[in-house]
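Here are some exercises to work through with the structure open beside you. Try each task on your own before you read the solution.

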Amino acid sequence: MSTYGRIISFAKPYHRYFPQYVVFALLAIIFGLTRLALLEPLFTVIFETKKEEELLALADTEGLSFGLKFFKASFYQELINFRDTYGKSSMLIYVSTVIGVSALLASLFTYISNVIMGYMRADLIEKIRNKVFNNTSKLHLGFFAGERKGDIMSRMTNDVQEIEVTLMSSIKVFFREPATIIVYLIFLFNTSVQLTLFTLVFFPVMGLIISEIVKRLKKKAILIQESLGRIVNLMDEVFGGMRVIKAFNARGYVGDMFENETRNYRKISVSMARKNELASPISEFLGILVVATLLVVGGNLVLNKETPLDGEGLFVYLIVFSQILSPAKSISQSISSIQRGMASAERIFRLIDEQPQIQNAASPVEKSSFDTSIEFKNVGFTYEKEAVLKRVNLKINKGQTIALVGSSGAGKSTLADLVPRFYDTTQGEILIDGTPIKDIEIDSLRSLMGIVTQESILFNDSVAKNIAFAMPDAEEDDIIKAAKIANAHNFIMELEDGYNTSVGERGGKLSGGQRQRLSIARAIMKNPPILILDEATSALDTESEKLVQEALTNLMKNRTSLVIAHRLSTIQHADLILVMDKGQIVEQGTHEELIRQKGIYNKLINMQSV
């Protein structure tokens, strides 16, 4: 399916809006033409530019089929009768009123059609944005490690906005403006076949010139959206790392980076604008050239009596033809907008088409409880050709606390990330209660686990909603109970609005220890049978660590825990300590057993003691 076809597919079902839009848009076009078509009879009858017998001939409907000529003759007849009954002054008021009502109805129907299109546009954009968000949120963590977050945000905001403009432009290009041109051409053909055939020669020429301009726009459109994505990403990084920027007096450095990117955006924008703005003046110039040519050709035909048209008819013909220039100009502008929208759509569809690497099995098993053990069998994991884990064998029985220690890059966090299937093993398998986790439905697998990481991820919402995250029906008593277990209740009550206090962006209004205790309270609210604690105290001061460690001890009661720790004092009471090095388990045992082995663990203990 073409890019444009995919955009329109989001607008289904069309029958909700499009038929209504077509009806009201056509009515707007017809009444817009009516107010112009009335000018010729008005001038002819009021100012008596024709003899009475010629007027009566124009008003003769006999033998005419139902169509434009019939309506025109009927209107002449109505005007003559009105003039003879009420006089010319009254007739002038009457015709002016009809023209005014036609203009009012044209404006009204244009408004209604645009409102209908607004609903259609809003529905389509909502569906696209939801589709992009839902699909992106399903992607594996490795995808986000390799992509700029700001660029993804730019696609979901700026690029979707471009598609909105594209939709409106395409409706003009493919229906409204062509319909306007066709209706007006029908009128012009009925007025003068000779002149209208003459004008049609110019349209292919205009089309060729504009299409040549449009061809050059798409490449620039892609570049401009990519540049915008880099700008958004840079802003996200700068505002998120403002503390570091100020500490290193790096405002000038990042300012230069930002200026370079905005300069690049400006350069592409100017280049695109030069091409984009060419279409409109060229089409306008060619249109005026055609009108001027028509005036010469048509005027000579009238003067030489080589056409049924008279002066009034030629005047109205030129006015109606000039109205075609506006939709023709609009089409050229809309095609330029569509090219930019197509570039944005391609960027968006790359996100939609990206397939999650972590998929459910064909017939996944629903798992609602954890009963016996978690087992690693010859587990290996390779990331970008680098072996991170090698033949790991491990069994964690229900109720045990297993600690992972070792130097940075040893594979501890990767091992923990494999359990909730943030990544999939590249060798071997992991089993829970004897069932391979790849066979377990992903959401039910993760519902068994609570995770507390070194970085406390909080959302810009109230304390209560952060504790009861993804649990909108949680009771207030349960939230308070979880906070007390996490040693968080006392500091929460000292906040300005207690549990209703906003924690700010990423919890910026709280200290590190407070953020971590809220993360623990959130895990307690979930009440999972399996806990994964990834260096949950490593970034804290001694006093905060003591409070957080007490909260973690409360959290781990009667649960199966996998703990990653750099501070070895926090895991001395673990049932089993695994020492990892270069992706392998090189030592294992209790704290006392590992001390007696005089190996890597003992060395780490001595280093931390010093």
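**Exercise 1. Locate Asp433 and Arg421, and describe their backbone.**

Step 1. Asp433 sits in the loop that links E4 to strand E5 (435-436). Helices (H or I, at least four residues) and strands (E, at least two) are DSSP runs, numbered from the N terminus. The model is predicted, so local features need pLDDT of at least 70 and side-chain atom pairs count only at pLDDT 80 or more, while totals for chains, interfaces and linings use all residues. Residues are numbered from 1 along each chain as its sequence is written, and side-chain values use heavy atoms, with hydrogens and water left out.

Step 2. Look at the backbone of Asp433: its phi is near 55°, a positive value in a residue other than glycine.

Step 3. Now go to the loop between helix H15 (412-418) and strand E4 (427-432), where you will find Arg421. Phi of Arg421 is also positive, near 60°, and this residue is not glycine either.

Step 4. Is Arg421 buried or exposed? Arg421 counts as buried because its relative accessibility is 2%; buried means under 20% relative accessible area, exposed over 50%, and partly exposed in between (1.4 Å probe, protein chains only).

**Exercise 2. Work out the strand order of the open sheet that contains E4.**

Step 1. Begin with E1 (residues 373-383) and E2 (residues 386-397), which pair in the antiparallel sense over 8 bridges. Two strands pair if DSSP finds at least two bridges between them. One pair to find is Ile374 with its bridge partner in E2, Ile396.

Step 2. Check the hairpin of E1 and E2: there are 2 residues between the strands, and Glu384 takes a positive phi near 50°.

Step 3. Move on to E1 and E4, an antiparallel pair with 5 bridges. Here Gly380 has Gln427 in E4 as its bridge partner.

Step 4. Put the strands together: the order is E2-E1-E4-E5, with antiparallel pairing. E2 and E5 are the edge strands; each has a single partner, so one side of each is left without a neighbour in the sheet.

**Exercise 3. Describe the surroundings of Ile432.**

Step 1. Ile432 belongs to strand E4. Its relative accessible area is 0%, which means that Ile432 is buried.

Step 2. Which residues does Ile432 touch, leaving out those up to four places away in sequence? Contact means heavy atoms within 4.5 Å. The list includes Lys367, Phe370, Ile374, Ile440, Met449 and Ile530.

Step 3. Compare sequence with space: Ile432 and Glu375 are 57 residues apart in sequence, with 6.5 Å from C-alpha to C-alpha.

Step 4. For the protein chain as a whole, take the contacts with a separation of 6 or more: 77% of them join residues 24 or more positions apart.

**Exercise 4. Find the neighbours of strand E7 and say how well E7 is covered.**

Step 1. E7 (residues 530-534) is mostly covered, with 5 of its 5 residues buried. Ile530, Ile532 and Asp534 lie on one side, and Leu531 and Leu533 on the other.

Step 2. One partner is strand E6 (residues 449-453), which pairs with E7 in the parallel sense over 5 bridges. In this pairing, Ile451 has Ile532 as its bridge partner.

Step 3. Another partner is strand E8 (residues 560-564), parallel to E7 and joined to it by 5 bridges. Ile530 stands opposite Thr560 in E8.

**Exercise 5. Contrast the nonpolar cores with a nonpolar surface patch.**

Step 1. In soluble globular proteins, nonpolar side chains tend to be buried together. A nonpolar core is a set of buried Ala, Val, Leu, Ile, Met, Phe, Trp, Tyr and Cys residues joined through side-chain atoms within 4.5 Å.

Step 2. The largest such core has 44 residues, and Ile467 and Leu518 touch the most other members. Helix H20 (residues 512-526) gives the most to this core, 6 residues. Apart from it lies another core, of 39 residues, including Ala25 and Ile324.

Step 3. Leu518 has contacts with Leu458, Ile467, Phe491 and Val503, among others beyond four places away in sequence.

Step 4. Turn to helix H6 (residues 88-138), home of Val115. Val115 is partly exposed, because its relative accessible area is 31%.

Notes: Patch = residues over 30% accessible without salt bridge, like charges linked within 9 Å, V, L, I, M, F, W, Y side chains within 5 Å. Areas by Shrake-Rupley, 256 points an atom, 1.4 Å probe, with all protein chains shown as cover. Salt bridge = Lys/Arg side-chain N within 4 Å of Asp/Glu carboxyl O.
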